[in-house]
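Student: I am new to this structure. Could you take me slowly through the surroundings of the ligand, and then through the second largest pocket?

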Amino acid sequence: MHKSMSSNNILTTQITIDNNHNDHDESNYSIPKSSPSSSPPGSNIISSPSSNRYSNNFNNSNFSSSSSSSSSNSNNSNNNVHSPSYTPGSKEIFFRVKDRVKKAYFKGTTVEDLKLLFLQKFPEFPKDVDIQFLIIDKGTNKEQQVNDVCDIKEHQELLIRHEYNEDTKKRSQGYTGLDKEKIVLVMVGLPARGKTYVARKICRMLNWMLVPAKVFNVGEYRRLRIGAGQPHDFFDPHNPEGIKARLHMAVAALDDMISWLHNGGRVGIYDATNSTNERRQLVEKRCTREKMTVVYVESICNDASVIEHNIKETKLLSPDYQGVDPSKAVQDFRDRINHYLKVYETVEGEKTRYIKLYDVGKKIEVNNITGYIPSRVVFFLMNLHLHPRPIWLTRHGESEFNAQNRIGGDSDLTERGDNYAHQLAVWISEWCSKVRADGYDGEVVVWTSSLKRAIRTAQYISQPKVVMRALDEIDAGICDGMTYDEIQEKMPDERAARDSDKLQYRYPRGESYEDVIQRLEPLLLELERTKSPVLIVSHQATLRCLYSYLKGRVKEECPFINIPLHTLIQLSPKAYGCEETAFKLAN
Ligand code: F6P
């Protein structure tokens, strides 16, 4: 049935259209739930224990307002505060944040109700900020804060003042291409083809390159709003209730993504199967209208072992199958895949921008890809693999400068530092013996910075070493060789500037953390490409940057990550992140 429906039909008959006023989001399809990322887990779950709960909820014409869980969060008995459309007794109002205006219908009784409605309209607005609504008197231009919602008149404009996209303004100076277009990467593929894995990896890489990127996973919307554990027939292309529910979730995620992109985001990653031309048309039309460039990333897996691995490693652990007998879960998931197979259409079209990834990196097909960011994504995907192997990060052993609290320089190891170098070599050699006994004959790859203290730390390791300048410590410029106390005393302004923004601060004639991140990018691709275990002997700042990529930490955290001396950090990349173990090898 849904194949014969035109996308227009779908939009007009199944989705409430919110005609925003004077707004970028003119054609926002309003779904009355906040994004999963912005809600406490489970807060948006529409609860019904029955296995076909979706049919209960989506048959219900009140879906859009009556099931809002936010009302339960706020002790608010009036469900209509979240109504996206007019209900009797509600007032039409406009929220304005800077130059963005959104229309809403308010029927609540308290300022709290108003806040909930506002956050529903602006889901990207920080939740921990005290929101104040201001009414501007058009005659006198005076502001009045709303303390009582009775002061709100029909068609009232409420101004909300907050620099909530400040982060965007402070955005890095890192090179991300001259073109500032907004990009939407639309994932495509059958279930268990590693789409989410690829989506998250791209996102982690872009964020690390200081490009604001975010994944919008439609499955998460489904789990939060309808509940995990839908049986396979929910995904049957001939199940009209399932189609409707899934379309609602897809549009909700799309709305949130577009809103996020309009508010400082640069690359939205739309993670869903998007397996039919019809669904892709819906997404593409909307994004094109919003002046965003769509690039499809299709993951095609013909290797049965990769699919099997995916089902067992990720799907069985998914909240969809919590508490379900593994063999039943596997069968249900296979049935789910078969439903999608019936309607699956690969991405095609001479003008379509797409990247097709076969068997996670074995082969890549690229069509009509231009621009810095899409090209970086292609390059990155070309280096992806699924081979399990550890990555070890270690700072050099204690140096003479460390012992004197001096930064930078090129001093040698102290006795303690030399002892660590011995312990490290022993540890690596024992590790190799252990895995060789298990039949592994691969080599450990050792990379060191070009500084004496790092080279010396690796000197007792028997494996060949590669010296890389990219791994050198952050260049402290004119502060090189000084202690932090000396910098404070002689250059208090520099110290203060660094304290106020450690990520972006650049030492005079030296580097910033952002500079270090940029120079590490080629090395990172090499790290992704390498299938052998890799030991990196480097320095505090450089390792903070690499660690923050591998662990997916937000960029602001990077300059403060604790990388202690004489400790080997083992990171084992898994499907959705890195497992970490730290070994303190010496004092
Ligand atoms: O103190 C050791 C050191 O590696 C210095 O050479 C370097 O300047 C510093 O750490 C980096 O840490 P932070 O950015 O916290 O000053």
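**The ligand and a pocket**

Tutor: A side-chain N or O atom of R498 lies 2.7 Å from an oxygen atom of the ligand, within the 3.5 Å allowed between N or O atoms in a polar contact. This model is predicted, so local features need pLDDT of at least 70 and side-chain atom pairs pLDDT 80 or more, while totals for chains, interfaces and linings use all residues. Residues are numbered from 1 along each chain as its sequence is written, and side-chain values use heavy atoms, without hydrogens and water.

The side chain of E473 also has an N or O atom 2.5 Å from a ligand oxygen atom. With G408 the backbone takes part: one of its N or O atoms is 2.7 Å from an oxygen atom of the ligand. On its own the ligand has 390 Å² of accessible area (Shrake-Rupley, 1.4 Å probe), and the protein covers 92% of that.

R498, E473 and G408 belong to a longer list of residues around the ligand (a heavy atom within 4 Å), which also has R395, N402, I407, I474, Y484, K502, Y513, Q540 and R544. By class, this shell has five charged, four nonpolar and three polar residues; Tyr counts as nonpolar and Gly as polar.

Next comes the second largest pocket (an open set of points on a 1 Å grid where a 1.4 Å probe fits, with protein on both sides within 12 Å along at least five of seven lines; lining residues have an atom within 4 Å of a point). Domain 2 (175–382) and domain 3 (391–584) both contribute to its lining, so the pocket lies between them; the bounds come from an automatic or database domain assignment. The lining divides into 21 nonpolar, 15 charged and 13 polar residues. Among the elements, α8 gives the most to this lining, with six residues; helices are DSSP runs (H or I) of at least four residues, and strands (E) of at least two.

Definitions and conventions. A polar contact is a pair of N or O atoms within 3.5 Å; within protein, one must be able to donate a hydrogen and the other to accept it, and residues adjacent in sequence count only if both atoms are side-chain atoms.
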